[in-house]
Amino acid sequence: MSQKFSTGSFRWLSVLASTALLVAGCSAGSTANYARPGSADAIVLASTSAARSLDFTNAGGSAAPSALLPDVYETLVRIDSAGEIAPFLATDWQVSDDRTEYVFQLRHDVKFSDGTPFTAETAAFSIHYVQNEWTNGLKSGMDVVAAAEALDEHTLRVQLKHPDSQWLWSMGTTIGAMMSPTGVESLASDPVGTGPLLVESFATGESIRFRPRDDYWGTPASSSVEIRYFSDAISSVNALQSGQVDLVWAMQAPELLGSLDSEINVDIGTTNGEVIFSMNNNAVPFDDPLVRQAVAFAIDRQAANEVVFSGYATDTAGAPVSPTDPWFTDVLARSSAPGGFYPFAPDRARELLAASSYDGELVTLTVPSLPYAKLLAELVYSQLREVGFHVAVETVEFPAVWLNQVHGAADYQASIIAHMEARDTEHMFGNPDYYLGYDNARVRELFDAAGRSSAPAEEITEAIAQIMADAGALSIANLPNIVLSSPAISGVQPTMVTDAIELARLREAS
């Protein structure tokens, strides 16, 4: 669900007014005659989440997948705006009665951007490439595949080891990207896909420029598109107001909205971004469930939403689910208190901390250099100190340092990050080797049962309830997607069911 507002309708927190005034003072003023950026030969999108590489097969993070799917890479199926599976490169498919065999009929008119045909052989190659070559943890979603083979040029058969209710859905996300065997050597800088856009240039951490394909099989993109990366929300908003960019994607400082020129469009949608207070379950003091529960009761999620997200985030009762998940309402129904699984209760937090193994040692909160994470860290720092924790905050560069140190090496005690991948609860909590270190055999059994079920909501809801009982992590909020755009641009879709931006939808307004 998305909301659309005029900028005059917002209420602003006075504590943030100075930041808003800074932007207002730097703005270009009236938007009555909006100038298109540069030579106006491309729609320019501003983002603060920079891609360090275009190869998402060997590293986590959502910046590269969100930029490349489905505009460069496409998938056999797509996930529509209602979260349902729809045809894409596969026009139809049949599933065996035991739900272990899928036979896909593929489009006949599709070519990769290097001119090679998309066939059942290349589709099988893409599945095997995930299994054999990817190092990104998302590859585990393909573990259930026993075999993938071409029955003829445009018919693909996939055999699963056992029924899995999430596999076909996941084929519409990052791991379902169809890749050319001739293009995998240049994934980091020159990706080859079947989509409507080509990567024209890539400057690490600065920009990606795309141009339309002349030979695209479907509806072509209307213009070139550039993603330009900014270090912070203020500079990206200033760029919009001065006509340097056409829109700002995922603007992470909603307190700036009050300073916008009146003609700027503001669209607010939901995302898959569960903003997680992650605790290393294998590191002292968070190897003690009582300490983790104390943290969960100490954090005021409502205050976090108001202060950091101006009330536009969605509360998930503390659970790692997003509003687009089919089991979202079931999970919320399982929370036992008006404030969710862990209502704000500092006295209860102090009781748990006193009964725990915590002896006053320093807890370091290692946060990425993202606006929302840094603001949340300041708030959480104060709330944890109030209940008796000795806390320090360190900020590390994102994505490179945070992904290597925290996500990769699990060298941390606690952190804050939005997990943007769709339906990723099993990925986060079903693997003891993941950076959270959460390990519960019963939860893994429930996820396995959910995968084998044709109606998995009950098992997934039960698994999440157990995760919350263990306080494996705390979801502070579901990240809103705030998109600012000039009146010259249409086609903005702020609600993200997967992590794709869908650049080819953007148009110059008629």
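Let's start with a small detail: a polar atom in the side chain of Ser 47 sits 3.1 Å from the backbone nitrogen of Ser 49. Keep in mind that this is a predicted model. Ser 47 itself belongs to strand β2, which covers residues 42-47. With a relative accessible area of 9%, Ser 47 is buried, because the cut-off for that label is under 20%. Leaving aside residues up to four places away in sequence, Ser 47 touches Ile 227, Arg 228, Tyr 229, Phe 230 and Trp 249.

Now for the annotated part of the chain. In an unreviewed entry, UniProt lists residues 84-416 as "domain: Solute-binding protein family". Helix makes up 26% of the chain over residues 84-416 and strand 25%, and the C-alpha atoms at the two ends are 30 Å apart.

Next up is helix α5. It spans residues 233-241, and seven of its nine residues are buried, so the rest of the structure largely encloses it. The buried set is Ala 233, Ser 236, Val 237, Asn 238, Ala 239, Leu 240 and Gln 241. At the N-terminal end, α5 is capped by Asp 232, which has a side-chain oxygen 3.1 Å from the backbone nitrogen of Ile 234. After α5 comes Gly 243, with a positive phi near 80 degrees.

Arg 350 is worth a look too. You'll find Arg 350 in helix α9, residues 346-355. Its relative accessible area is 33%, which makes Arg 350 partly exposed. The Arg 350 side chain makes a polar contact with the side chain of Asp 347, at 2.7 Å. Not counting residues up to four places away in sequence, Arg 350 touches Glu 386 and Val 387. Ile 85 is 265 residues from Arg 350 along the chain, and their C-alpha atoms are separated by 46 Å.

Finally, some backbone oddities. Most residues other than glycine have a negative phi, and most peptide bonds are trans. Here are the exceptions to check in your viewer:

| Site | Backbone feature | Loop |
|---|---|---|
| Leu 69 and Pro 70 | cis peptide bond, omega about 0 degrees | Pro 70: between α2 (63-68) and β3 (77-79) |
| Phe 398 and Pro 399 | cis peptide bond, omega about 10 degrees | Pro 399: between β15 (390-396) and α11 (400-408) |
| Arg 99 | positive phi, near 60 degrees | between β5 (90-95) and β6 (101-106) |
| Ala 250 | positive phi, about 55 degrees | between β12 (247-248) and β13 (265-279) |

As for accessibility, Arg 99 is partly exposed at 22% relative accessible area, and Ala 250 is partly exposed at 23%.

Methods:
Residues numbered from 1 in each chain as written. Predicted model: local features only at pLDDT ≥ 70, side-chain atom pairs only at ≥ 80, totals over all residues. Heavy atoms only, no water. UniProt positions renumbered as here; feature names shortened; annotations may be inferred. Helix = DSSP H or I, 4+ residues; strand = E, 2+ residues; numbered from the N terminus. Buried < 20%, exposed > 50% of the residue type's maximum accessible area, 1.4 Å probe, protein only. Polar contact = N/O pair within 3.5 Å; in protein donor to acceptor, adjacent residues only side chain to side chain. Contact = heavy atoms within 4.5 Å.
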